[in-house]
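Thank you all for making the time this morning. I would like to walk through one chain, beginning with a local detail and working outwards from there.

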Amino acid sequence: MSRYDNLINVQWTAATTYSTNTNPSDLSDVIGEYAQGGASDVQAAVAAAAAAFPAWSTSGIQARSDALDKIGTEILARKAELG
């Protein structure tokens, strides 16, 4: 079974506890275990978002569009894996 950590500030962060995710149409199909973040993980994620905000908020519309296009392309490329 695969274990999935949280991505915080461009680093995969392990957790002390994980939650099992199962396929709702086949409860015997375990998808994987996903990290359950704690208060310190939330604080780290909020701090990373706050630090990234100034650059994002002052970037031009084209840079934002390019970033979102890249994200969307990656999601579509991995749709079978993510779905």
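Valine 10 is exposed, with a relative accessible area of 76%, and in this predicted model it sits in the loop between S2 and S3. What draws my attention to valine 10 is its backbone, since the residue has a positive phi of about 65° although it is not a glycine. Asparagine 9 belongs to that loop too, the one that runs between strand S2, residues 6-8, and strand S3, residues 11-13. Asparagine 9 likewise carries a positive phi, here about 55°, again without being a glycine, and with a relative accessible area of 55% it counts as exposed. As background for anyone who does not look at backbone angles every day, most residues other than glycine have a negative phi. To place the loop against a later part of the chain, the C-alpha atoms of asparagine 9 and glutamate 74 are separated by 19 Å, with the two positions 65 residues apart along the sequence.

Let me step back to the overall fold. There are five strands and three helices in the chain, and, read along the sequence, they follow the pattern β-β-β-β-β-α-α-α. The C-alpha trace spans about 50 × 30 × 15 Å along its principal axes, and the radius of gyration is 16 Å, where a compact globule of 83 residues would have a value near 12 Å. Of those 83 residues, 10% count as buried. If we take the contacts between residues at least 6 apart in sequence, 34% of them join residues at least 24 apart. The accessible surface comes to about 6,600 Å², and carbon and sulfur atoms account for 58% of it.

Now to the charges. The chain has 5 positive and 9 negative side chains, and the centres of these two sets lie 7 Å apart. In general terms, side chains of opposite charge can pair when their charged atoms come close. How many salt bridges does that leave us with here? The count comes to three.

One of them joins the side chains of arginine 3 and glutamate 33, with a nitrogen-to-oxygen distance of 3.0 Å. Because arginine 3 lies in strand S1, residues 3-4, and glutamate 33 in strand S5, residues 26-35, this pair ties together parts that are 30 residues apart in sequence.

Arginine 78 takes part in a salt bridge with glutamate 74, at 3.7 Å from N to O, and also in a salt bridge with glutamate 81, at 3.0 Å from N to O. Glu74, Arg78 and Glu81 are thereby linked in a network of salt bridges. It is worth going through the accessibility of each member in turn: arginine 78 is partly exposed, with a relative accessible area of 34%, and glutamate 74 is also partly exposed, at 41%, whereas glutamate 81, at 57% relative accessibility, counts as exposed.

I would like to finish with a charged residue that has no such partner. Aspartate 41 is found in helix H1, which covers residues 39-58. Is aspartate 41 buried or exposed? Its relative accessibility is 16%, and with the limit for buried set at under 20%, aspartate 41 counts as buried. Aspartate 41 nevertheless has no salt bridge, and the nearest side chain of opposite charge, that of arginine 3, is 13 Å away. A salt bridge requires a side-chain nitrogen within 4 Å of a carboxyl oxygen, and I mention the cut-off so that the 13 Å to arginine 3 can be read against it.

Which residues, then, does aspartate 41 contact, leaving aside its neighbours within four places in sequence? They are Ile8 and Thr13. In the part of the chain where we began, tryptophan 12 has its C-alpha atom 11 Å from that of aspartate 41, the two residues being 29 apart along the chain. I will stop there and take questions.

Technical notes. Residues are numbered from 1 along each chain as its sequence is written. This is a predicted model: local features need pLDDT of at least 70, side-chain atom pairs count only at pLDDT 80 or more; totals for chains, interfaces and linings use all residues. Side-chain values use heavy atoms; hydrogens and water are left out. Helices (H or I, at least four residues) and strands (E, at least two) are DSSP runs, numbered from the N terminus. Buried means under 20% relative accessible area, exposed over 50%, partly exposed in between (1.4 Å probe, protein chains only). The radius of gyration is taken over C-alpha atoms; the globule rule is 2.2 Å times the number of residues to the power 0.38. Contact means heavy atoms within 4.5 Å. Accessible areas come from the Shrake-Rupley method with a 1.4 Å probe; for residues, only the protein chains shown count as cover. Lys and Arg count as positive and Asp and Glu as negative; His and the chain ends are not counted. The place of a charge is taken as NZ of Lys, CZ of Arg, CG of Asp or CD of Glu.
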